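Colleague: Could you take a close look at the surroundings of the ligand for me, and then walk along the chain through the loops with unusual backbone geometry? I would be glad of one connected account.

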Amino acid sequence: RVDPLVLGIETSCDETGIGIVRGTTLLSNTIASSMDEHARYGGVVPEVAARAHLEELVPAIRAATLEAGIRLEEIDAVAVTCGPGLAGALMVGVGAAKALAISLGKPIYAVNHLVGHVGADVLRLGADDTTEALEYPTIALLVSGGHTSLLLVRDLVSDVELLGETIDDAAGEAFDKVARLLGLPYPGGPQIDRAALDGDPTAIRFPRGLSQTKDMAKHRYDFSFSGLKTSVARWVEQKRDADEPVPLADVAASFREAVVDILLTKAVAACVDHGVPRLLLGGGVIANARLRQVAQERTDAAGIALRVPPLSLCTDNGAMIAALGAQLIMAGHAPSSLEFGADSTLPV
Ligand code: KG4
Ligand code: ZN
């Protein structure tokens with residue numbers, strides 16, 4: 001059997017991602033981001049993102065085929081994110097994917113964005129990338145500006161269960177909002193990370209949302225960051241009202257520590273509760289060095305194997321969507337009928 005050549009399209013948020021894979025081998029991963037256009041609004045503006053996708057898609061497809069060294073006619077299938085995400089942004093990608101599939105006479109696979117993040121792990125960067133395949137079941141912790149989810153993955157293409165997710169802000173969103181109230185520019189994650197460098201993470205004990213015993217029955221694997229954000233806001237406000245200097249580094253380090261603690265406490269609990277000794281990380285917040293460091297420490301201590309794909313495959317990208325499409329094909333799944341639409345709240 002020949003490994004399928006799949007082109008993946010990802011437009012669920014502000015990244016226009018086109019990826020091309022052959023089976024589990026990554027051939028190209030082209031990303032155009034409209035981040036700069038959103039910066040002055042302090043967050044992603046859906047309408048702006050959708051328009052940017054429309055402009056970027058065709059050049060990105062061209063660039064991806066060029067980088068992969070293939071002609072578009074050679075692909076075996078198209079895979080596309082159909083949800084969850086921003087409705088208008090998703091629609092642009094879904095429309096483009098259908099047009100491509102119809103014009104080339106190729107099958108199309110509509111895939112879930114969150115499962116796509118898990119699919120990123122199967123990709124190998126070339127013949128000398130000998131990373132062993134991830135075993136299942138695995139727990140996946142996905143953290144970005146748009147989602148904070150814990151998944152139990154028993155099988156990538158047929159059995160993914162959502163254990164919990166944020167009940168308010170996503171973790172990346174919390175970084176962005178706290179950065180803003182500290183006067184730091186968007187996106188806030190990298191800014192907080194930098195500001196925290198010389199800070200003391202134990203300087204201020206910020207609250208860990210949904211970690212009280214009373215929360216545990218209903219929200220054992222859910223996350224909440226809005227209380228943490230409010231707590232940082234109040235703390236900073238009090239300092240300013242008292243005309244005292246705000247110790248930026250300590251606030252940033254203490255806030256980051258709280259987020260990291262919340263994320264990993266729940267992720268490790270999910271592994272332990274389900275008897276799953278594997279944890280996969282995904283999403284743009286994985287860029288946070290402290291998060292990766294504490295993840296390594298806590299998983300080591302608990303005897304859990306930690307998987308972190310390269311950052312270019314953790315942030316939103318088309319290669320992970322193509323990879324999941326290829327997995328579906330190799331597992332013998334039928335393609336999607338062309339009637340599918342974009343679903344901004346698509347469950348896993
Ligand atoms: O996955 P991603 O690139 O895009 C979407 O969310 O669609 O994630 C972006 C998010 C932003 O909220 C950004 O502030 C956060 O990831 N982020 C970080 C870091 N780098 C990016 N958060 C914490 N620490 C970082 N180093
Ligand atoms: Zn994502």
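Modeller: Happy to; here is the ligand shell, followed by the loops and the annotated span.

Please keep in mind that this is a predicted model. Around ligand 1 there are 21 residues, and the closest of them are Gly145, Gly172, Gly189, Gly284 and Asn288. Two elements, helix H5 (171-181) and helix H6 (188-195), each give two or more residues to this shell. By character, the shell around ligand 1 splits into ten polar residues, six nonpolar ones and five charged ones. Glycine is counted among the polar residues in that split. Both domains take part: domain 1 (5-125 + 313-330) and domain 2 (138-309) each supply at least three residues to the shell around ligand 1.

Now to the loops, starting with the one between H5 and H6, which is where Pro187 is found. The peptide bond joining Tyr186 and Pro187 is cis, with omega about -5°. So what do you find on either side of this loop? Helices H5 and H6, the elements that give two or more residues to the shell around ligand 1.

Another cis peptide bond runs from Tyr136 to Pro137, with omega near 0°. Here Pro137 sits in the loop between helix H4 (113-119) and strand E6 (138-143).

Further along, two residues other than glycine deserve your attention for their phi values. Leu210 has a positive phi of about 55° although it is not a glycine, and its place is the loop between H6 and helix H7 (213-219). Is Leu210 buried or exposed? Leu210 has 24 C-beta neighbours inside 10 Å, and therefore counts as buried, the cut-off for buried being 20 or more.

Asp243 also has a positive phi, near 55°, and is not a glycine either. This residue belongs to the loop between helix H8 (226-241) and helix H9 (248-274). Asp243 counts as exposed because it has 6 C-beta neighbours inside 10 Å, where exposed means 12 or fewer. Put side by side, Leu210 is buried, whereas Asp243 is exposed.

Finally, the record. An unreviewed UniProt entry lists residues 26-322 as "domain: Gcp-like". In the model, that span is 49% helix and 16% strand, and the C-alpha atoms at its ends lie 9 Å apart.

How values were computed
Residues are numbered from 1 along each chain as its sequence is written. Chains are lettered from A and ligands numbered from 1 in the order in which they are written. This is a predicted model: local features need pLDDT of at least 70, side-chain atom pairs count only at pLDDT 80 or more; totals for chains, interfaces and linings use all residues. A residue is near a molecule or strand if its C-beta atom, placed from the backbone, lies within 6 Å of it. Helices (H or I, at least four residues) and strands (E, at least two) are DSSP runs, numbered from the N terminus. Domain bounds come from an automatic or database domain assignment. UniProt positions are given in the numbering used here, feature names are shortened, and annotations may be inferred rather than shown by experiment.
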